[in-house]
Each structure stands twice: as C-alpha cells, then as structure tokens.
Amino acid sequence: MCGIVGYTGQADVGGILVSGLRRLEYRGYDSAGVALYADGDSELTVVKTSGKIVDLEASMQAELPESKPFSSMGIGHTRWATHGAPTQINAHPHSSDNKEIAVVHNGIIENYADLKAHLIADGCTFNSETDSEVIAHLVQQCYQGDLRAAVTAAVKKLTGTYGIAVISTKHPGTIVAARSGSPIVVGLQDDETIVASDVSAIVSRTKQVIFLNDGDIVTATGGDVEITSMSSTTVTRESTLIDWDVDEIEKGGYDHFMLKEIHEQPAAIATGLRGRLDETEGTVRLGGLRMTPMDMARVPRMILAACGTSYYAGMVGKYYFEDFAGIPADIQQAAEFRYRNPIIEPNACMVAISQSGETADTLAAVREGLMKGATVLGICNVVGSTIARETGRGVYLHAGPEIGVASTKAFSCQVTVLAEMAIMFGRTRRLSASVGREMVRELARLPDIAAAVLEREAEIKVIAEKYAAAEDAFFIGRGYMFPAALEGALKLKEISYMHAEGYHAAELKHGPIALLDEDVPVIVPVPDLPDKEKTIGNMQECRARKSPVIAIATEGDKEIDAYCDDVIRVPRCQEFIAPIPVVIAEQLFAYYVAKARGCEIDQPRNLAKSVTVE
Ligand code: M6R
C-alpha cells in the first residue's frame, strides 16, 4: 500500500527521499512523488509521476534545476490507488492552493466528499480525484502561523484513517506528521529526523525509532522531535532499537526477495523455536502470552482472526487447538468478524495473526475482540506494529523482514508459533507429557525438514515449467492439507496470474469438477498420512476427467506414482508438521511458474504488502 518518507536535516534531501521510497516499493504502489523546498522559495517544488521510482528519479532529474539548493526538508510518497486512477495528478504530495503546504497521506478519508464540498464552497481549487487532497487545503485553512497547530486542527476534522506528513515553506526544516489507524515511525539521529510509514525506509540511516500511537502528532526539526496529543499536550513515547540490518532488506544474490525468503525458512523457523521448547516437560514456553496455566485452562473457545495467507495459517491453527488442546476453535476472516457482531463468551481467547501487524481488517477484529472482553493475543512479524502494540501480548515471529508481496516465511513461522501455542495450551488440559514431548521433538526437526524441501528446488522447477502455460489450476486437499491447498492456490494466482482455486478434495465433485479437462492441472498435497487413500480416490476422479495430477507426496512413497503425472517429494513427518513442507514446495512451484511466465514476482500487479484499508 502507500508509503511515506519525510526527511529533515542537512544531507541531500532528494536522494534520501528516493532511496527511502525505493525501500518501500515492496509494499506495492502505482505512482510516486516528492515535495522539496529550496531556501527562499515561496512555493514548494513538487515532482510526481505515475509509474515506478525510476520514473520519478528521471522526472526529478529532468525537472529540478541543478543550480537550486534544495535543503532542510522534504516529503515523498508511493501511492496505491484507491480514490482516483494511478495518474500523475492523483499521485502525492498534494498541495494547498497557495503551494506553501504539501501533504502525503496513507489511509482513507471517509468524509472527504463533505469536506471537499465545503472547501470548494470556501474557494479552494481541487486538482486531483483523491480523498487526500482535502488535507492540504484543510491545513492551509487552519494555518495561523503554527504548522503543528494547523495540522492538529485539520486532522480533527477527518474521519477515517491517516498517516500523514506535512511541510510548509513557512517552516523550513520542519516536518509535522500525524497518525490515526495508519502507521508512522520516526527515525532519530543527532542532527536529522526521518519520518516514514515503515521502518524499512529508515533503517539505513538509523535504527533508533519511535512508533507513534493513534492521535500522536510529531513535530520534527533536524534532530529534535516533539510529540503532542490532539489536545496539544506533550506526550512521551519510548524509542525502540531495530534489531535487524539493512542487508536483510537486500536480495542477497537471489533474483527475487520471494526466493530469498523461501530459502530463509529453515533459519526463520529455527529462530522461532529457539529457547521456547521444553522437552523435559513436553511443553513450550511463550512468556509473551502473559497467561498462567489457570488462565489457559479456563479458555472455552479460541477465535483466530486473519486475512490472506495469515488466514490459512490460522486454519491450521484451528486444527491444532482442537487436536492438541481440545478447545473449540474458529478461524474468522477478519473483515467479516468485525461486521457480524460476533458472540464472544467470557474467558474466550482471540488470536490475531498478521505478518505486517497493520492489516486494517485484522486490526479492526482485534479492537472488536478487546471491546467484547476477549483476551486478545497477537502473532505478528513486524516488531512495534499496531496489532502487536494494541494486543500488548502474543508472540513475535522474528522471521526478519518479509519484503516479497507474496507471504512465504511468515506462513511457516505463523504455523510454527500456532503449534507452539496449542501445545502450551494443550498441556494445561488434555495433552499428556509423553505426547507433548513427541510433538516438541518433532517441532525441533522442522528446520531440517524445511531445508530438505529446498533441496528439491531443481525438480520442482522442472515440474513448474511443464505446467506454466496452463490458464487454470486446482489445488485440493483434506485435513491439514486443506489449508495447504488453499494457500498453494493463493500463492500461484497472486504471483503468476494463473487462475487457481483451492478446494477441499471432497468438495470438487460438488461443482468445480465440471471445469476439469486435459488443460487444467490439479495439484494435490497427499503425504503418507491417514487421509491418503481418500485423497487418492479424488485424484482418480480428476484423472478420469483427463486433468494432469501433480502430487505433493512423501519421500519414498512409491504407491502414489500410479495415481499422478508428476510428483513433488517432501520429507516424512508427523501430520501436524506436514503443512509446512508442503506449502514450501507450493511456494517454489508458484515461484517457478511465475518466473516462466515472466511475471513481476516481488510486486504483483494490484497487490500491496500491507493492506491498511478496509
Ligand atoms: O500482514 P498480514 O499477514 O496481515 O497480511 C494478510 C494478507 O494481506 C497477506 O497474507 C496476503 O494475502 C499476501 N499477499 C499473501 O501472500
């Protein structure tokens, strides 16, 4: 989604904004722009372009006079279109009529139509179709010599979500930024400040950051930062030291971030297990849950809420809580949860799963859960993200930054954490120490299991290339392989644009089987586990309709060869672990299909890494 970078300091503002925006490209965007200030100018200089950051850079080179000393502050933006097409005019920054004020905005202003009508009646001229432009005009209207006061007054009129950064010719060296529902992070250095929507844009200059809370307004001047509330009182926010390096957001020799992140899975899973497994007691220690065994034993129901890949991880989690702990569990599409007035009984526990920790629908579900008195736990990857902070308890994935829009390592780590959580809950209930020990030992093998799938990469590539020209595909599975099938289909469609659908293997004959023929491959995760024979029956149904069948099967399982056209092998493991190696194989399959089709793998069309709008 949209990205914000703002810089105030003495270094090359334009260069810092462009490199910051480049770090935000992974979020997905369709246009970009910057606003700069040259000493003495009465108007800000704004350069915008539809397209990519390279296009913006070219426009900056063409449009910015070399002789002009741009200094002290600037703001930049990558836009993911919501209101209005991805054109140059709709790109941010947006300016006030007098061109003294420029604004970049992430989020959606829900009352923009009303505000726009009033502003037009007051004589403002609008240039774009965006909701965001109202903010620039409002700040100008509220301005009486104090930029912070003007921004504070302006945002009080907004309904919806915003993360904004504002500059004015009247305040050289100052950026005012504010947030409500859309993140703003402030990077601190001795004599400069970077304001951004995402740590990635900051970490090359400083690792010391402050995450703003909703309602915070920050005024940054060089190295000085003051945070105030909506009532203009000063507030104190702790700073955080980012614990990862800039090389973690580089490709490190891989063609794509997605491939790098697929390969990082053994290490990421190992990090998520380190220090948590207690083999002696057959349990797991997750201090961040802040729940006693008694608290856990009292939970009558688990509610898991998430979107996209995190939702499919949550589906696996549902099975875990039911299988290991005997707790009834539901997985909820987060957007639906919020709008259907869910019933949350006393002591119910909710788990919000979100890689980014910023997904608007998941955040809304968290707030609904908290409002209704549930104990809400977060499973997030991004440290300091809104969901992590608002839940205040849960587990971080510590998978390192995930840059590819297609989620890969986050899935494996989410499933690992959910297994850990369910074992921990299970041990307060019906899970015996001996079974717990077995499960803990199996979890400890997971990094090696993941690594073994990666060793099959070359074979998976050959199979992927064989089917890369197909226009439609199905993924089917049963039990733990059902969510794995759904995730396989999501991965394939989002990066290769091949139409792919995931179904329960038994569901195919209730309708979708009508679509099968020799041009429609069916991918079937079918490890050597209890449901295998039934799934083989479904594979035969597909082959009877001439569909090529690609099995994802257990190493050494020769029986399966008779029922499929191609086989991808994954290591033998316990049933609960199986979704992880299977999904890693599906990730590689999707990656190589997309590569063969010449797709833009890391930034698929229309998609955003962090979906901060409803
Ligand atoms: O950051 P989140 O985990 O909350 O994101 C949820 C989905 O937007 C995300 O998983 C999306 O489906 C990915 N593109 C899947 O690869």
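What follows is a chat between a student and a tutor about this predicted model.

Student: Let's start with the ligand. How many residues surround the ligand?

Tutor: The closest ones are Ser310, Ser354, Ser356, Thr359 and Glu494. By class, the shell splits into four nonpolar, eight polar and two charged residues. The full count of surrounding residues is 14.

Student: Which serine puts a polar side-chain atom 2.7 Å from an oxygen atom of the ligand?

Tutor: Keep backbone and side chain apart here. Threonine 309 has a polar backbone atom 3.1 Å from a ligand oxygen, and serine 407 also uses a polar backbone atom, at 2.8 Å from an oxygen of the ligand. The side-chain atom at 2.7 Å belongs to serine 356.

Student: And how much of the ligand's exposed area does the protein bury?

Tutor: Start from the ligand taken alone, which exposes 410 Å². The share of that area buried by the protein is 91%.

Student: Which helix gives the most to the shell around the ligand?

Tutor: Two elements give two or more residues to that shell: helix 9 (308–325) and helix 17 (481–496). The top contribution is three residues, and it comes from helix 9.

Student: On to the sheets. Which strands are the edge strands of the eight-stranded open sheet?

Tutor: Read the order, 3-2-4-1-10-9-11-14, with antiparallel pairing. An edge strand pairs on one side only. That gives strand 3 (45–50) and strand 14 (240–241).

Student: Which helix packs on that sheet by touching strand 2, strand 3 and strand 4?

Tutor: Strand 2 covers 31–38 and strand 4 covers 70–79. The helix touching them and strand 3 spans residues 53–63, and its direction makes about 140° with that of strand 3. It's helix 2.

Student: In strand 10, what is the bridge partner of valine 186?

Tutor: Strand 9 (residues 185–188) and strand 10 (residues 193–196) pair in the antiparallel sense over four bridges. For valine 186, the partner in strand 10 is valine 195.

Student: Now the five-stranded open sheet. Why is one side of strand 23 and of strand 26 left without a neighbour in the sheet?

Tutor: The order is 23-22-24-25-26, and the pairing is parallel. The twist averages 20° from one strand to the next. Strand 23 (499–504) and strand 26 (566–570) stand at the edges, so each has a single partner strand.

Student: In strand 24, what is the bridge partner of phenylalanine 474?

Tutor: Strand 22 (residues 472–477) and strand 24 (residues 522–525) run parallel and are joined by two bridges. In strand 24, phenylalanine 474 is matched with valine 522.

Student: What angle does the direction of helix 16 make with that of strand 26?

Tutor: Helix 16 (residues 457–467) packs on this sheet, touching strand 25 (549–554) and strand 26. The angle between the directions of helix 16 and strand 26 is about 145°.

Student: Backbone oddities next. Is the peptide bond from histidine 92 to proline 93 cis or trans?

Tutor: Proline 93 sits in the loop between strand 4 and strand 5 (94–95). Omega for the bond from histidine 92 is near 0°, and that makes the peptide bond cis.

Student: Where does asparagine 341 lie?

Tutor: Asparagine 341 isn't a glycine, yet its phi is positive, about 50°. Its place is the loop between helix 10 (334–339) and strand 19 (349–354).

Note on methods:
Residues are numbered from 1 along each chain as its sequence is written. This is a predicted model: local features need pLDDT of at least 70, side-chain atom pairs count only at pLDDT 80 or more; totals for chains, interfaces and linings use all residues. Side-chain values use heavy atoms; hydrogens and water are left out. A residue is near a molecule or strand if one of its heavy atoms lies within 4 Å of it. A polar contact is a pair of N or O atoms within 3.5 Å; within protein, one must be able to donate a hydrogen and the other to accept it, and residues adjacent in sequence count only if both atoms are side-chain atoms. Accessible areas come from the Shrake-Rupley method with a 1.4 Å probe; for residues, only the protein chains shown count as cover. Ala, Val, Leu, Ile, Met, Phe, Trp, Tyr, Cys and Pro count as nonpolar, Asp, Glu, Lys and Arg as charged, and the others, Gly among them, as polar. Two strands pair if DSSP finds at least two bridges between them. Contact means heavy atoms within 4.5 Å. Axes are lines fitted to C-alpha atoms, for helices over the stretch in contact, and angles run from 0 to 180 degrees between N-to-C directions.
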